[in-house]
Amino acid sequence: MLIFLLLGWTFCGLALCGTAYALLAARFAGRFVKKPLPDNASRAAVSLLKPLHGGAPGLAEDLESFCRQDYAGPVQIVFGVQDAADPSIPIVEALKARFPALEIALVLDDKSHGPNAKVSNLANIMAAARHDLLILSDDDIAVPPDWLAVVTRALDAPGIGLVTCLYTGATAADANLWSILAAMGNSYDFLPNAILGSSLGLADPCFGSTIALRRGMLESIGGFAAFTDYLADDYEIGRAVREKGYRIAIPALGVRHGCREDSLRDLFRHELRWTRTIRLLNPHGHLGSIVTLPLPLAILGAVFLGFGGVFSLFGGLAIGAAVASRLFLKWRIDAIFGVDAGSAWLLPLRDLLSFAVFLASLFGGTVHWRGTRFAVQASGAMTRS
């Protein structure tokens, strides 16, 4: 039927656009790491803010990376928990014993300022932060030794109000399939999309992996209390800084996001939370992201074109081009950032999972986070559902 042919050509056309997108993202990833870094050496005193929740495997190693920074200025690390029984507390106490020369504080405060528990934790931590330069980072992030030096130098540049960092996915050596697929999503979906979007001026993102700003800037945008109702608190902080007329810097540096998923259900809910939030905040950008999934689109195109004759050949070529472009992108990301989030043979499965998450994100307005169901409004604000 004509309608099937039209759908087939449409999906194959979108798949070819996605193939070109993957190749372009690979090229810009190479350009990103070649960006010159500021050559000024900052010695500013820094307070690192680390809100903690639970003691996930690998947390001790992740937190230790912040204690081993090659930085010339004074550093204070403030950890925060909201539960006296939080399993991360012994890990922090062990770090204090291992690094006695480092100023490490632990804040225990169960006060809630809104539905976003992480931001409430940050608001509680602020009372113990002593320095003007503040850097907050999620608890599942690990950083290289020069991270602090690079971030502080970037913040010193004229017109910069906030510094953030891109991240790759990382897993433990004995990680299960779901954790590996999550890490592949970070490294081969999120990372190249973020690089291409920021490089072309299509996005000006801010990520919870790193948010560096000065105390005066934070106070001018309302402090952490202004963001306790929002699910995408990092996005909202970045938007508030931009609205003040400042730019966000993303230095040529990648940090690692530890991926620890216990089941397919947990992985799907986690990624659906991200993707559905993007749809609510940026519906046009979310819809356009369909072209970042060339393999599922090519498969659909081949199905609608049928399995015989010249149309079938075109569908097969679209599938082959999609697979080749995605493998090339993976190879480039692995080489550029020194990572290998997952085996190449898992990439088609990863792409099909991403497509399923995208389809599910088109409907509904609720997400699951930390065992609680939230309704998310178009403004990004959330309420318990």
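A salt bridge here is a side-chain nitrogen of Lys or Arg within 4 Å of a carboxyl oxygen of Asp or Glu. With that in hand, look at Asp189, Glu271, Arg326, Arg350 and Asp351, which are linked in a network of such bridges. By this rule the count comes to 16 salt bridges.

Before going on, keep in mind that this is a predicted model: local features need pLDDT of at least 70, side-chain atom pairs count only at pLDDT 80 or more, and totals for chains, interfaces and linings use all residues. Residues are numbered from 1 along each chain as its sequence is written, and side-chain values use heavy atoms, with hydrogens and water left out.

Now find Lys118, because it sits in helix α4 and ties to Asp138, which lies in the loop between β4 (133–136) and β5, a partner 20 residues apart in sequence. The N to O distance in this salt bridge is 3.0 Å. (Helices and strands here are DSSP runs, numbered from the N terminus: H or I and at least four residues for a helix, E and at least two for a strand.) Lys118 also forms a salt bridge with Asp233, and there the closest N and O atoms are 3.0 Å apart. Asp233 belongs to helix α8, so this pair ties together parts that are 115 residues apart in sequence. Are these two residues buried or exposed? Lys118 counts as buried, at 12% relative accessibility, and Asp233 counts as buried too, at 4%. The cut-offs are simple: buried means under 20% relative accessible area, exposed means over 50%, and partly exposed is in between, with a 1.4 Å probe and protein chains only.

Stay with helix α8 for a moment. Helix α8 covers residues 233–243, and its buried residues are Asp233, Asp234, Glu236, Ile237, Gly238, Ala240 and Val241. What covers them? The cover includes α4 (117–125), β6 (160–163), β8 (211–214), α7 (215–220), β9 (247–249) and α9 (264–281). After α8 comes Gly245, with a positive phi near 95°.

A salt bridge can also sit within one helix. Asp334 and Lys330 form one, with the closest N and O atoms 2.8 Å apart. These residues are four apart in helix α12 (residues 309–337), so about one helical turn separates them. Both Asp334 and Lys330 are buried.

On to the sheets. Strands of a sheet pair through backbone hydrogen bonds, either parallel or antiparallel. Here, two strands pair if DSSP finds at least two bridges between them. One open sheet has three strands in the order β11-β12-β13, with antiparallel pairing. Strands β11 (366–369) and β13 (382–384) stand at the edges with a single partner strand each, so one side of each has no neighbour in the sheet. From one strand to the next, the twist averages 40°. Helix α9 packs on this sheet, touching β11 and β12, and its direction makes about 140° with that of β11. Those directions come from lines fitted to C-alpha atoms, for helices over the stretch in contact, and angles run from 0 to 180 degrees between N-to-C directions. Strand β12 (residues 372–376) is joined to β13 by three bridges, and Val376 has Met382 of β13 as its bridge partner.

Another open sheet of three strands runs β5-β10-β7, with mixed pairing. Its edges are β5 (141–142) and β7, each with a single partner strand, so one side of each is left without a neighbour in the sheet. Two bridges join β5 to β10 (residues 254–258), and these strands run antiparallel. Which residue of β10 is the bridge partner of Ile141? That partner is His257.

Just past β7 (166–170), in the loop leading to α6 (177–199), you'll find Thr171. Thr171 counts as partly exposed, at 34% relative accessibility. Leaving out residues up to four places away in sequence, Thr171 touches Ser179, Ile180, Ala183 and Cys259, where contact means heavy atoms within 4.5 Å. Thr171 and Ala183 are 12 residues apart in sequence and 6.7 Å apart in space, C-alpha to C-alpha.

Last stop: the surface around Phe4, in helix α1 (residues 2–33). Phe4 is partly exposed, with a relative accessible area of 38%. Leu2, Ile3, Phe4, Leu6 and Leu7 make a nonpolar surface patch of about 460 Å². Patches are made of residues with over 30% relative accessible area and no salt bridge, where like charges are joined within 9 Å and nonpolar side chains (Val, Leu, Ile, Met, Phe, Trp, Tyr) within 5 Å. Accessible areas come from the Shrake-Rupley method with a 1.4 Å probe, and for residues only the protein chains shown count as cover.
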